[in-house]
Protein chains: 2
Amino acid sequence: MDYMVFTIFLAATVGAGATGAMFPTGSWYARLAKPSWTPPNWMFPIMWTTIYLLIAFAGARVAGLPGSGYALAFWAMQIAFNTLWTPIFFGLRRLKGALLVMAALWVAVAGATITHFQVDFWAGLAFVPYLVWVSIAGALNFTVWRLNPNEPVLRISEL
Amino acid sequence: MDYMVFTIFLAATVGAGATGAMFPTGSWYARLAKPSWTPPNWMFPIMWTTIYLLIAFAGARVAGLPGSGYALAFWAMQIAFNTLWTPIFFGLRRLKGALLVMAALWVAVAGATITHFQVDFWAGLAFVPYLVWVSIAGALNFTVWRLNPNEPVLRISEL
């Protein structure tokens with residue numbers, strides 16, 4: 001594994017993870033109706049940090065290997081939708097819009113998991129916690145959307 | 001070139017480009033002090049659509065080729081910071097924060113341009129308009145930050 005390639009992939013995840021610091025949860029999220037199984041707030045940064053390290057490792061394992069085209073295209077797709085989700089949910093407060101982003105993210109992560117496995121076993125395995133977590137996050141986004149049907153979106157462009 | 005790989009890279013750019021639709025410019029941007037050479041609003045979606053098509057082509061050209069590791073790591077890094085910029089600038093109205101994101105984006109695009117050239121001439125060439133445009137966008141972000149030193153940021157988490 002090339003450590004410089006790992007570092008560049010990790011830089012990509014820092015860009016995605018910056019959304020969590022820039023768009024913090026705050027009182028709006030605290031007062032939303034949420035299901036009983038909602039993970040506590042402290043669990044999110046721990047999970048994301050672990051996932052980001054694992055997928056940077058996965059990307060660095062497969063990058064440049066023969067047949068890695070699909071794996072790296074899905075890697076790029078997942079980091080774009082990962083970066084997009086937080087500003088849509090916590091910035092615009094668009095619960096349904098965030099769910100659509102989450103659906104695209106789930107497809108990208110599922111695609112990345114399968115195609116990383118096809119190139120390298122350890123790279124594929126490194127994507128599995130991400131796929132599990134994004135499934136939980138998707139179920140949480142869906143449930144929050146259903147529990148808060150009249151939650152107004154934040155019209156930033158009108159402020 | 002594998003058209004399915006092209007489509008997945010293009011899906012990544014759709015995620016990045018969605019920020020432009022979700023965080024529109026609006027009256028806040030209109031009343032910011034801007035330099036005389038600011039491109040007109042209509043030029044931005046045209047430039048970004050062109051750039052997104054070109055870089056999806058570039059990614060699909062090099063993905064899976066021997067020695068493409070750096071190129072695809074930089075491809076992933078640029079799309080993350082590209083997605084991040086718009087919510088920071090138009091969502092949080094953090095002119096200086098957006099400039100830091102732009103600096104990381106510029107490094108990622110410069111890295112992607114060089115490393116795509118190393119693998120495939122046409123892929124490298126396809127990144128050149130992006131590097132030019134992100135240099136202009138960076139200069140614009142810098143100038144807008146300097147021209148509007150007292151512009152308050154939008155504290156979404158307090159709303």
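Trainee: Before we start, what does contact mean here?
Mentor: Contact means that heavy atoms lie within 4.5 Å. Keep in mind that this is a predicted model.

Trainee: Good. Let's try that on Thr86(A): what is it in contact with, leaving aside neighbours within four places in sequence?
Mentor: Thr86(A) is in contact with Thr19(A), Gly20(A), Phe23(A) and Gly91(A), once neighbours within four places in sequence are left aside.

Trainee: And where is Thr86(A) found?
Mentor: Thr86(A) is in helix H4 of chain A.

Trainee: Buried or exposed?
Mentor: Thr86(A) is buried, because its relative accessible area is 11% and the cut-off for buried is under 20%.

Trainee: Let's move to the core. How many residues does the largest nonpolar core have?
Mentor: That core has 113 residues. Phe89(A) and Phe89(B) are the ones with the most contacts inside it.

Trainee: What is Phe89(B) in contact with, beyond its neighbours within four places in sequence?
Mentor: The list for Phe89(B) includes Trp28(B), Tyr29(B) and Leu32(B). Arg94(B), Leu95(B) and Ala98(B) are also among its contacts, as are Asn141(B) and Val144(B).

Trainee: New topic: how can chain B be laid on chain A?
Mentor: A turn of 180 degrees with a shift of 0.0 Å along the axis lays chain B on chain A, with an RMSD of 0.0 Å. The two copies are therefore related as by a two-fold rotation axis.

Trainee: And which surface serves the copies?
Mentor: The same surface serves both: 100% of the contact residues of chain B recur in chain A.

Trainee: Now the outside. Which residues make the nonpolar surface patch of about 720 Å²?
Mentor: Trp37(A), Phe117(A), Phe121(A) and Trp122(A) are among them, and so are Leu125(A), Val128(A), Val132(A) and Ile136(A).

Trainee: Which helix gives the largest share of that patch?
Mentor: Helix H6 of chain A, residues 121-147, gives the largest share, with six residues. Trp122(A) lies in that helix.

Trainee: What about Leu131(B), where is that found?
Mentor: Leu131(B) is in helix H6 of chain B, which covers residues 121-147. With a relative accessible area of 21%, Leu131(B) counts as partly exposed.

Trainee: What does Leu131(B) touch, not counting residues up to four places away in sequence?
Mentor: Leu131(B) touches Trp106(B), Val109(B), Ala110(B) and Thr113(B). For a sense of scale, the C-alpha atoms of Leu131(B) and Thr25(B) are separated by 23 Å, and those residues are 106 apart along the chain.

Trainee: Back to the backbone: which sign does phi have at Arg93(A)?
Mentor: Arg93(A) has a positive phi of about 55 degrees, although it is not a glycine. Most residues other than glycine have a negative phi.

Trainee: Where does Arg93(A) sit, then?
Mentor: Arg93(A) is in the loop between helix H4 (69-91) and helix H5 (95-119) of chain A. Arg93(A) counts as buried, at 7% relative accessibility.

Trainee: And what is phi at Arg93(B)?
Mentor: Arg93(B) has a positive phi of about 55 degrees and is not a glycine. In chain B, Arg93(B) lies in the loop between helix H4 (69-91) and helix H5 (95-119), and at 6% relative accessibility Arg93(B) counts as buried.

Trainee: Last one: what can you tell me about Thr49(B)?
Mentor: Thr49(B) is in helix H3 of chain B, residues 43-62, and is partly exposed, with a relative accessible area of 47%. Thr49(B) and Val5(B) are 18 Å apart, C-alpha to C-alpha, and 44 residues apart in sequence.

Note on methods: Residues numbered from 1 in each chain as written. Chains lettered and ligands numbered in written order. Predicted model: local features only at pLDDT ≥ 70, side-chain atom pairs only at ≥ 80, totals over all residues. Heavy atoms only, no water. Core = buried A, V, L, I, M, F, W, Y, C linked by side-chain atoms within 4.5 Å. Buried < 20%, exposed > 50% of the residue type's maximum accessible area, 1.4 Å probe, protein only. Least-squares fit on C-alpha atoms with pLDDT ≥ 70 in both. Patch = residues over 30% accessible without salt bridge, like charges linked within 9 Å, V, L, I, M, F, W, Y side chains within 5 Å. Areas by Shrake-Rupley, 256 points an atom, 1.4 Å probe, with all protein chains shown as cover. Salt bridge = Lys/Arg side-chain N within 4 Å of Asp/Glu carboxyl O. Helix = DSSP H or I, 4+ residues; strand = E, 2+ residues; numbered from the N terminus.
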